Amino acid sequence: MEALNVLVITFNCARQLLQPDIFARRLSKELPGSRSPDIILLSLQEVAPIAYSFLGGSYLVHYLERFHHAIYLAGKGLGGAKYVQIITGNVGLTACMVFSLEEQRDNIRWFETGGVGVGLQEMGNKGAVGLRFGYAVPDSDTIELTFVAAHLAPMEEALQRRNEDWKNIVRGLVLTPATNKGSGTSTKRQPAGEESEQLLAHDPASTSREPHGLYTPTSHLILAGDLNYRTSSTKPRGAACLLFPKSNPDRHDNDQLNSLLQNDQLSRELKAGRTCHGLHEALIEFPPTYKYSKKAQMLAEKEESMTTWDWAKHRWPSWCDRILYLDLPAWMGSETPGMRIEVEKYMALPLMPTSDHRPVILSMRIPLKAIPAPEEDGGEGSVRTYPPFDIDPRWRDRRTLARRKEIIVGVLAYLSLTWEGRSILLVLIMGGFLGWYVVRGILV
């Protein structure tokens with residue numbers, strides 16, 4: 001059966017500007033076969049410093065354009081494939097971007113967006129942003145695809161907090177028809193690598209849809225991000241770093257790596273049904289994605305092959321960066337036996353010089369057939385029809401309040417932590433002092 005080729009990428013940017021040429025080279029080298037992905041989904045965490053991330057809009061353009069250019073360069077490395085940036089969204093420091101092949105951009109018909117903060121005071125220093133869109137299949141129905149980029153609580157001991165973050169994402173992430181106005185979202189249909197004005201691509205059909213959470217009966221669901229689940233509940237102490245896994249190209253022959261993976265919190269919590277309910281993950285056959293040392297990042301900048309994994313000694317090496325997906329519903333399989341989502345590759349890219357995380361990619365093939373709504377009682381026991389948590393009835397008010405706090409924090413951070421803001425503050429102080437001096441001279 002024909003399939004939609006989807007490439008998912010998650011990367012914690014460490015609030016640094018991306019080096020597009022290095023990223024593109026490593027990405028195009030690892031993509032399976034000669035077939036270009038139809039859709040590319042990017043999940044970005046710590047996308048920019050907090051001042052720019054919280055203010056959003058034009059303050060983020062310089063950071064996101066680097067990924068725009070990287071996709072353009074990667075497409076050139078795949079036989080000249082041209083990609084169009086379709087939509088971008090962010091909640092605080094977490095962002096997502098959607099690209100499609102240029103010749104397929106008209107197949108994407110409508111968008112829904114949403115976001116929720118789960119950080120301090122429900123702000124977006126941690127949180128999730130979701131995008132849902134319809135992909136029209138010729139002579140068939142429209143495939144729905146939901147993409148969620150997330151960043152959960154850090155630290156080894158914060159396991160329960162991460163599970164609580166997931167619960168709050170399910171309760172607070174509600175997707176509504178996309179608009180540019182005050183949403184942290186832009187829609188545009190421009191070739192990657194080219195500059196043009198942002199255009200609102202809004203399908204009136206989407207306005208008739210009721211708001212939904214991230215689980216719906218008829219949509220595919222992909223979750224990607226720095227989920228921050230660790231391989232220990234305590235920080236490494238003393239000589240614990242001697243137990244860190246050493247480099248070995250074959251994971252199956254690396255006893256230290258296999259032992260570490262057995263302690264992976266996410267795998268355990270998934271199996272127990274305490275987080276990421278109903279989602280599946282492909283087999284992990286790559287080393288931990290976090291936390292690499294400054295020495296390792298310096299070697300990455302020189303693009304030298306790493307003969308050893310150089311870890312930061314104050315964190316247990318962990319698979320923090322993950323991509324999960326919701327499999328086809330049982331009622332769809334009964335209609336079309338043998339239909340399934342195929343995972344072609346799940347791997348970590350080489351370390352980037354700007355981050356202590358490795359990017360992770362998932363290449364998958366999704367059947368080109370819309371998921372039908374279940375018949376009465378057909379969705380019994382499915383998270384699609386019975387999500388693990390109810391939507392918070394105050395989700396909109398809580399997000400609005402958190403957004404106001406983000407703007408306040410963003411302005412303060414801009415004035416105190418950026419050179420542009422400090423310059424503005426200095427001019428204001430000097431202007432105020434000069435005004436006081438003039439008024440004082442007049443009065444005297």
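Select Leu261 to begin, a residue of helix H5 (residues 255-262), where helices (H or I, at least four residues) and strands (E, at least two) are DSSP runs numbered from the N terminus. Leu261 has a relative accessibility of 17% and counts as buried, a term that stands for under 20% relative accessible area, with exposed meaning over 50% and partly exposed in between (1.4 Å probe, protein chains only). Add Ser318 to the selection: its C-alpha is 8.1 Å from that of Leu261, although 57 residues separate Leu261 and Ser318 in sequence.

Before going further, keep in mind that this is a predicted model, in which local features need pLDDT of at least 70 and side-chain atom pairs count only at pLDDT 80 or more, while totals for chains, interfaces and linings use all residues. Residues are numbered from 1 along each chain as its sequence is written, and side-chain values use heavy atoms, with hydrogens and water left out.

Now show the whole protein, whose secondary structure comes to 10 helices and 14 strands. Of its 444 residues, 54% count as buried. Taking contact to mean heavy atoms within 4.5 Å, residues 24 or more positions apart account for 77% of the contacts with a separation of 6 or more.

Next, select helix H1 (residues 20-30) together with helix H3 (residues 58-76), which pack at an angle of about 40° with their axes 8 Å apart. That angle makes H1 oblique to H3; angles under 35 degrees count as roughly parallel, over 145 as roughly antiparallel, 65 to 115 as roughly perpendicular and the rest as oblique. The axes are lines fitted to C-alpha atoms, for helices over the stretch in contact, and the angles run from 0 to 180 degrees between N-to-C directions. On the H1 side, show Pro20, Asp21, Phe23, Ala24, Leu27 and Ser28, which meet Arg66, His69, Ala70, Ile71, Leu73 and Ala74 of H3. By class, the residues of this contact are eight nonpolar, two polar and two charged, where Ala, Val, Leu, Ile, Met, Phe, Trp, Tyr, Cys and Pro count as nonpolar, Asp, Glu, Lys and Arg as charged, and the others, Gly among them, as polar.

Stay on H1 and colour by accessibility: the helix is mostly covered, with eight of its 11 residues buried. These buried residues are Pro20, Ile22, Phe23, Ala24, Arg26, Leu27, Ser28 and Glu30. They pack against strand E1 (3-12), H3, helix H7 (294-301), strand E13 (342-348) and strand E14 (360-367).

From H1, step back into the loop between E1 and H1 and select Ala14, whose phi is near 60°, a positive value in a residue other than glycine. Ala14 is partly exposed, at a relative accessible area of 26%. For another positive phi, go to Asn228, where the value is near 70° and the residue is again not glycine. Asn228 sits in the loop between strand E10 (219-226) and H5, and is buried, with a relative accessible area of 3%.

Move on to Trp166, in helix H4, which is buried at a relative accessible area of 2%. Leaving aside residues up to four places away in sequence, Trp166 touches Leu214, Tyr215, Leu223, Thr275, Cys276, His277, Leu279 and Phe389. One of these neighbours, Cys276, is itself buried, with a relative accessible area of 1%.

With H4 (residues 159-172) still displayed, add helix H6 (residues 265-272): the two pack at an angle of about 55°, their axes 12 Å apart. This makes H4 oblique to H6. The contact is made by Leu159, Arg162 and Asn163 of H4 with Gln265, Arg268 and Glu269 of H6, and its residues divide into one nonpolar, two polar and three charged.

For a backbone detail, select the peptide bond from Tyr290 to Lys291, which is cis, with omega near 10°. Lys291 lies in the loop between strand E11 (279-280) and H7.

Finish with helix H9 (residues 395-417) and helix H10 (residues 419-443), which pack at an angle of about 85° with their axes 5 Å apart. H9 is therefore roughly perpendicular to H10. Tyr414, Leu415, Ser416 and Leu417 of H9 make the contact with Trp419, Glu420, Gly421, Arg422, Ile424 and Leu425 of H10, and the classes here are six nonpolar, two polar and two charged.
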